[in-house]
Amino acid sequence: MKKDHSLSDDDIALFRSEMSGSKKISQDTVHFKKAQKAPEQTTNTKVKQLDAEFYFSDEYIPDIDTSGTVNFVKPGADSYLAKQLRRGDFAPELILDMHGMNKETAKLELAGLISACKKRHLRCACIVTGVGERVLKHKVPHYLVQHPDVLAIHQAPLEYGGRGALLILVDIPEDPFFR
């Protein structure tokens, strides 16, 4: 059983008489542009840049040999930490690949890495500089020695990059809630 949905001639005439005198409505929809938020990364980048400028100087040259195996332990820290890093007793929890970076970008990323380690309570990180032209391979240890939160640095074992990588230990303050 089909229903007929057509209108009768009387209904059409009634509709037209009621609608006579009306005019077509023009489109008046307003399209608003989304308000742009200030990107959060710019403040993050500024903080990293300030950290990098504060801690890392190109003029300071520490008394460490970067041509051979890089090995450094912060004065006052246990010298056994370097041996533990060399043997692979600490597994890196973050890895920073610095291939293709220049010195300024490397400083920013190092500051960000150390900050991320402290924020996440990660003690060990790996920094892959690569061998390449040896610019970063020589500069990165000089930068890391200057940072007060770096306890120890050692050339990474082969499984983490060997001569083209460094393992660092970051000083994580003990949380009084977990004593």
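Which residue stands opposite I168 in β5? In this predicted model, the position facing I168 is taken by I153. The pairing belongs to an antiparallel arrangement of strand β4 (residues 150–155) with β5, built over five bridges. A further partner of I168 is found in β3, where A125 is bridged to this residue of β5. Strand β3 (residues 124–128) and β5 are likewise antiparallel and are joined over five bridges.

The overall organisation provides the setting for these pairings. The protein chain contains five helices and five strands, arranged along the sequence in the pattern α-α-β-α-β-α-β-α-β-β. Of the 179 residues in the protein chain, 34% are buried. Among contacts in the protein chain with a separation of 6 or more, 74% are made by residues 24 or more positions apart.

Strand β5 spans residues 165–170 and is mostly covered, six of its six residues being buried. The burial extends to both faces of the strand: A165, L167 and L169 lie on one side, L166, I168 and V170 on the other, and all are buried. Strand β2 (residues 94–97) presents another pattern, with L94 and L96 on a covered face and I95 and D97 on an uncovered one. Strands β2 and β3 run parallel and are connected by four bridges. Within this parallel pair, L94 has A125 of β3 as its bridge partner. Residue A125 thus appears in two pairings, being the bridge partner of L94 and also that of I168 in β5.

The connection between β2 and β3 involves helix α4, and the three elements form a right-handed β-α-β unit. Helix α4 comprises 18 residues (103–120) and extends 25 Å from its first C-alpha to its last, close to the 26 Å expected at 1.5 Å a residue. The N-terminal end of the helix is capped by N102, a side-chain oxygen of which lies 3.3 Å from the backbone nitrogen of E104. Just after the helix, H121 adopts a positive phi of about 60°. The buried residues of α4 are A106, K107, L110, A111, G112, L113, I114 and C117.

The charged side chains form three salt bridges. One of them joins K107 to E104, with an N to O distance of 3.7 Å. Both residues belong to helix α4 and are separated by three residues, about one turn of the helix. The two partners differ in their accessibility class: K107 is buried, with a relative accessible area of 9%, whereas E104 is partly exposed at 47% relative accessibility.

A second salt bridge links D149 and K118, whose closest N and O atoms are 3.5 Å apart. Because D149 lies in the loop between α5 (135–146) and β4 while K118 is in helix α4, the pair ties together parts that are 31 residues apart in sequence. Residue D149 is buried, with a relative accessible area of 17%, and K118 is partly exposed, with a value of 29%.

The remaining salt bridge is formed by the side chains of D89 and R87, at 2.6 Å from N to O. Both of these residues count as partly exposed: relative accessibility is 43% for D89 and 42% for R87.

The segment after β5 contains I172, which counts as buried at 17% relative accessibility. When neighbours within four places in sequence are left aside, the contacts of I172 are with C117, K118, H121, L122 and R123. Several of these residues have been described above: C117 is one of the buried residues of α4, K118 is the salt-bridge partner of D149, and H121 is the residue with positive phi just after the helix. The C-alpha atoms of I172 and L151, which are 21 residues apart along the chain, are separated by 9.5 Å.

Conventions. Residues numbered from 1 in each chain as written. Predicted model: local features only at pLDDT ≥ 70, side-chain atom pairs only at ≥ 80, totals over all residues. Heavy atoms only, no water. Buried < 20%, exposed > 50% of the residue type's maximum accessible area, 1.4 Å probe, protein only. Pairing = 2+ DSSP bridges. Expected span 1.5 Å × (residues − 1). Polar contact = N/O pair within 3.5 Å; in protein donor to acceptor, adjacent residues only side chain to side chain. Right-handed = clockwise from strand over helix to strand, strands pointing away. Salt bridge = Lys/Arg side-chain N within 4 Å of Asp/Glu carboxyl O. Contact = heavy atoms within 4.5 Å.
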